[in-house]
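Student: Hi, I have just opened this one and would like a guided look at it. Could we go through it step by step?

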Amino acid sequence: MLTADIEQLEETETLDELEHIEPVGQFLLGPSDEIAEGASQIYTVEGREIGVYHRDGEWFSIDNHCPHKGASLAVGPCEQTTVSCPWHHWKFDLRTGEAIGRPGFHVSTHSIEERDGELWVTLSDEPWINTQTTGGGEEPEIRDLKAATDEAIDWVDASRCLVRY
């Protein structure tokens with residue numbers, strides 16, 4: 001259920017005016033026709049960068065940064081309900097935010113709706129995470145080993161991508 005600011009409610013005189021009150025916690029992004037079918041757009045809302053996707057008549061909104069290394073997801077390739085990180089090809093489900101094939105990693109999803117030709121988003125309560133943390137304070141040899149492992153995994157993912165195309 002949406003709530004509205006008490007001051008806004010007290011200032012309204014008719015039911016028609018009540019329908020145009022902006023719900024608390026919802027943010028107007030702009031006209032929905034600015035994002036073509038199959039496209040995505042980046043917005044900054046309350047200091048948080050989100051990606052908005054228009055796929056098969058549906059709207060999706062997730063945090064814009066990949067939790068792996070922070071790449072902008074909205075510029076990555078997108079399929080029906082998934083988006084891929086343009087740097088390392090991690091895939092995320094636009095409906096749930098879960099990283100596909102990467103247990104424990106996800107991006108926050110945000111409620112989005114189209115009303116009267118405008119897009120409205122309600123930000124998730126989940127904290128915004130730009131990139132994964134490595135725990136810090138590790139020995140240089142362990143950091144180097146982790147970096148080499150990440151690079152090897154990235155090459156495996158890249159080679160899978162090349163084989164498919």
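Tutor: Let us start with a term: strands here are DSSP runs of E at least two residues long, and they are numbered from the N terminus. Please also keep in mind that this is a predicted model.

Student: Okay, so how many helices and strands are there in the protein chain?

Tutor: The protein chain has 3 helices and 9 strands, and read along the sequence they follow the pattern α-α-β-β-β-β-β-β-β-β-β-α.

Student: Where is glycine 57 found?

Tutor: Glycine 57 is in the loop between strand S3, residues 48–55, and strand S4, residues 58–63. S3 and S4 form a hairpin with 2 residues between them, and in that turn aspartate 56 has a positive phi of about 50 degrees.

Student: And is glycine 57 buried or exposed?

Tutor: Glycine 57 has a relative accessible area of 53%, and because the cut-off for exposed is over 50%, glycine 57 counts as exposed. Its C-alpha atom is separated by 7.0 Å from that of glutamate 37, a residue 20 places apart from glycine 57 along the chain.

Student: How do S3 and S4 pair?

Tutor: They pair in the antiparallel sense over 6 bridges, and one of the bridge partnerships joins valine 52 to serine 61 in S4.

Student: What is the strand order in the open sheet that holds them?

Tutor: The order is S2-S3-S4, an open sheet of 3 strands with antiparallel pairing. Its edge strands are S2, residues 40–45, and S4, each of which pairs on one side only, and the twist averages 25 degrees from one strand to the next.

Student: Why is S4 described as largely enclosed?

Tutor: The reason is that 5 of the 6 residues of S4 are buried, so the rest of the structure largely encloses this strand.

Student: Let's switch to S1, S8 and S9. What order do they have in their sheet?

Tutor: They make an open sheet of 3 strands in the order S1-S9-S8, with antiparallel pairing. S1 and S8 stand at the edges with a single partner strand each, so each has one side without a neighbour in the sheet. Neighbouring strands of this sheet are turned by 25 degrees against each other on average, direction ignored.

Student: Which residues stand opposite each other there, starting with S1 and S9?

Tutor: S1, residues 26–31, and S9, residues 118–122, pair in the antiparallel sense over 5 bridges. Glutamine 26 has threonine 122 as its bridge partner in S9, while glycine 30 stands opposite leucine 119.

Student: And how many bridges are there between S8 and S9?

Tutor: S8, residues 111–115, pairs with S9 over 5 bridges in the antiparallel sense, and arginine 115 stands opposite glutamate 118 in S9. S8 and S9 form a hairpin with 2 residues between them, where aspartate 116 in the turn has a positive phi of about 50 degrees.

Student: New topic: how many disulfides does the count come to?

Tutor: The count comes to 0 disulfides. Cysteine 66 is in no disulfide, and the nearest cysteine sulfur to it, that of cysteine 85, is 3.9 Å away; this pair does not qualify because the sulfur atoms would have to be within 2.5 Å.

Student: Are cysteine 66 and cysteine 78 buried or exposed?

Tutor: Cysteine 66 is buried, with a relative accessible area of 1%, whereas cysteine 78 is partly exposed, with a relative accessible area of 24%.

Student: Which residues touch the most other members in the largest nonpolar core?

Tutor: They are Tyr53, Ile62, Leu73, Val83 and Phe92, in a core of 14 residues. Apart from that core lies another, of 11 residues, among them Ile35, Ile50, Trp59 and Val121.

Student: What does phenylalanine 92 touch?

Tutor: Leaving aside residues up to four places away in sequence, phenylalanine 92 touches residues including Cys66, Leu73, Val83, Ile100 and His106.

Student: Last one, for the whole chain: what percentage of the residues is buried?

Tutor: Of the 165 residues in the protein chain, 35% are buried. The protein chain exposes about 10,300 Å², with carbon and sulfur atoms supplying 53% of it. Among contacts between residues at least 6 apart in sequence, 42% join residues at least 24 apart.

Definitions and conventions
Residues numbered from 1 in each chain as written. Predicted model: local features only at pLDDT ≥ 70, side-chain atom pairs only at ≥ 80, totals over all residues. Heavy atoms only, no water. Pairing = 2+ DSSP bridges. Helix = DSSP H or I, 4+ residues; strand = E, 2+ residues; numbered from the N terminus. Buried < 20%, exposed > 50% of the residue type's maximum accessible area, 1.4 Å probe, protein only. Contact = heavy atoms within 4.5 Å. Areas by Shrake-Rupley, 256 points an atom, 1.4 Å probe, with all protein chains shown as cover. Core = buried A, V, L, I, M, F, W, Y, C linked by side-chain atoms within 4.5 Å. Axes fitted to C-alpha atoms, helices over the stretch in contact; angles between N-to-C directions.
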